[in-house]
2 protein chains.
Amino acid sequence: MTFDTDPAQSDRSRDALTAAHLYYMQDLTMDAIAQELHTSRSSVSRLLSHARETGLVDIQIKSPLDAPSHLEQQIEARFQITAHVVPVPDSANDVDRLERVALSVARILGQYFDSNMTMGIAWGSTMNAISRHITPKQTHNSQIVQLNGAGNMRTTGLGYASEILGRFGTAFGAHVQQFPVPAFFDDPATKQALWRERSVSRLLEMQAIMDIALFGLGSPFSGVVSRVYAGGYLEQAEFDALGAAGVVGDVATVFYRADGSADGIALNERSTGPDFTVLRRTPRRICVVAGRSKLASLRGALAASLITDLFVDESTARALVEAP
Amino acid sequence: MTFDTDPAQSDRSRDALTAAHLYYMQDLTMDAIAQELHTSRSSVSRLLSHARETGLVDIQIKSPLDAPSHLEQQIEARFQITAHVVPVPDSANDVDRLERVALSVARILGQYFDSNMTMGIAWGSTMNAISRHITPKQTHNSQIVQLNGAGNMRTTGLGYASEILGRFGTAFGAHVQQFPVPAFFDDPATKQALWRERSVSRLLEMQAIMDIALFGLGSPFSGVVSRVYAGGYLEQAEFDALGAAGVVGDVATVFYRADGSADGIALNERSTGPDFTVLRRTPRRICVVAGRSKLASLRGALAASLITDLFVDESTARALVEAP
DNA sequence: AATCGGATTGAACATACGTGCAAGGAGCCC
DNA sequence: GGGCTCCTTGCACGTATGTTCAATCCGATT
């Protein structure tokens, strides 16, 4: 049984390691490294890319002491959470914004997730963006578990969600636990029945003991429609009911109001996402938000105490600390 | 009292931090960053240099699993120490060799040294080379303590040694404890008398409880003469006596033989360096060696169990694992 | 207020770097 | 063994980056 020690790959990685040493520790030029490795400069360039992509080289930004920016301090003081404000120029559009916040999260995630841990993962455009950029890190005995179902009337959702899950899994060398159910059941009774099944309850157990939850926010009633609302998951009537109930957002297809409350929202009874009382027991709950359209949703999630660590673009962060 | 929060510097560092985020976390080009920061591309280049030099950006090379190279494994198995083999082409001369090993050590040192620690520092060309390249890291309540005196018949040695010490001190924000004595006393009795002085014994106490010792090796009887032997520290007669006693090297001006023994070497009675029995109590003893001329000295130091962590250039490492 | 020295800036230049491309190899199937 | 694809390599090109230099700014000093 070969681990990742197949001779070809190992050769390449060994060279990449040496090249990384020479480049990052000894400040040699790629040309000089090429000579030492008896190859061409281009190959060295590629080796170094490989080293960075595979997480062989790890670049961290330190926050010596003063680091928390003014904004971060304000957010932390006001909401009792850890804040990471991602600098994005105000002129950027929402797509760039999401991409850049996601990239920052993807690069830093390895500092949170480690061996023997379990991480819960939502799905959606935010999670998708993150998954495409994660810097890999080898872990052992770790689990990635899907937080909520992704099926709808048209598809099982297995393709989209499992693509995301899979990227997380391979990046961390973790076991992946899929949750092959629809996002919402038609009948609450189906959910209750299924929840008693051993195969499902095993997964719910894992959610209950996860160390990290990672999720974006849905914002049903703002400019950009979240994936949940565009993808055929909800009927118009259901959507209207959410509005009537005063819903401002969702985490893993579980909805809440501006004050953070979620009681009496009918759709939650049929949702497959984790109940907030469960979610709040997770030690680290990382929320990733990009774009001011999610501001109301963010405020609600904060009011509901769903977040311990927030990644947010600069302009949304500024809006957040302004008077509500 | 201003810490490092003087407004000008803080502005610069804040920009550097942002630039580092944008460059290393979001893969923007310097041009794009310049626009966001309303400055020129050159300034961004300088900001990023600044960020790297000040340790604001930390680049680490991971050793995922297989990392210990063959050579490192061999050394570790044979001598029960941790080995870091620095890749240096065989064609490099001894000066390059030292420079490159020192650079690697300087970059990685921050991973060993932290707040509330005490590190003992030798002096010499190796330590000098390292000191010129250390990547800074802010620590609190930490100490840098000089291991052995640096004075000789000509100078107090304060200039040279304290320059080295000082660079370590400022790089880590640590208190610096100099040791203003000659490298060797003329009369052992002077040493004993001085060693009872409270000012000196306070420093010896600190040496006794240090967490890390960092030193190069002296090799009196090989091609390149160590600083100790060229700088007027020893008279010819003393030098000859070392040869007669079978000495192969020294650590912080304390000498040893090929088998690691140090008993009965007269000069050690007059040396100001730490007794090996004291040194061996230090949990981490980092030795930096470059150049095959130090091979015999290295073998002796290993036999004397003076080393827990070894940094060595590739070709010397190869020579080390060959049959003695 | 004038002058000086040192630090900072952007333009221009010289390198260093990333990447598309065609050529060469290594496996694999026929 | 020939021919196929897929992967890797080095070259060449265009772009990105580091660095020098003259101009400018800033603060301190006279």
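**Notebook: DNA contacts and the chain B sheet**

I began with the elements facing DNA strand C: α3 (41–53) of chain A and α3 (41–53) of chain B each supply at least two residues of the surface near this strand. The model I am reading is a predicted one. I noted that α3(A) gives the largest share of that surface, with five residues.

**Entry: DNA strand C**

I listed the surroundings of DNA strand C and found 14 residues, of which A:Met30, A:Arg41, A:Ser45, B:Thr39 and B:Arg46 come nearest. By class, I recorded two nonpolar, seven polar and five charged residues on the surface near DNA strand C.

I then looked up individual polar contacts. A:Met30 uses a backbone N or O atom, which lies 2.9 Å from a phosphate oxygen of DNA strand C. B:Thr39 instead uses an N or O atom of its side chain, 2.9 Å from a phosphate oxygen of DNA strand C. For B:Arg46 the partner is a base nitrogen of DNA strand C, with a polar side-chain atom at 2.7 Å. Of the atoms of DNA strand C within 4 Å of the protein, I noted 41% in sugar or phosphate and the rest in bases.

**Entry: DNA strand D**

I repeated the search for DNA strand D. Here 14 residues surround the strand, and the closest are A:Thr39, A:Arg46, B:Met30, B:Arg41 and B:Ser45. Sugar or phosphate accounts for 39% of the atoms of DNA strand D within 4 Å of the protein, and bases for the rest.

In chain A, the side chain of A:Thr39 places an N or O atom 2.8 Å from a phosphate oxygen of DNA strand D. I found a phosphate oxygen of DNA strand D 3.1 Å from a side-chain N or O atom of A:Ser40. In chain B, a side-chain N or O atom of B:Arg41 lies 2.9 Å from a base oxygen of DNA strand D. The elements giving two or more residues to the surface near DNA strand D are α3 of chain A together with α3 of chain B. The largest share, five residues, comes from α3(B). I classed the residues of this surface as two nonpolar, seven polar and five charged.

**Entry: the sheet of chain B**

I traced an open sheet of seven strands in chain B, in the order β2-β10-β9-β6-β3-β4-β5, with parallel pairing. Its edge strands are β2 (82–86) and β5 (175–177), each pairing on one side only. I noted an average twist of 15 degrees from one strand to the next.

I finished with one pair. Strand β4 (residues 143–146) of chain B runs parallel to β5(B), joined by three bridges. Within this pair I located B:Gln143 opposite B:His175 of β5(B).

Notes:
Residues numbered from 1 in each chain as written. Chains lettered and ligands numbered in written order. Predicted model: local features only at pLDDT ≥ 70, side-chain atom pairs only at ≥ 80, totals over all residues. Heavy atoms only, no water. Pairing = 2+ DSSP bridges. Helix = DSSP H or I, 4+ residues; strand = E, 2+ residues; numbered from the N terminus. Axes fitted to C-alpha atoms, helices over the stretch in contact; angles between N-to-C directions. Near = heavy atom within 4 Å. Polar contact = N/O pair within 3.5 Å; in protein donor to acceptor, adjacent residues only side chain to side chain. Nonpolar A, V, L, I, M, F, W, Y, C, P; charged D, E, K, R; others polar.
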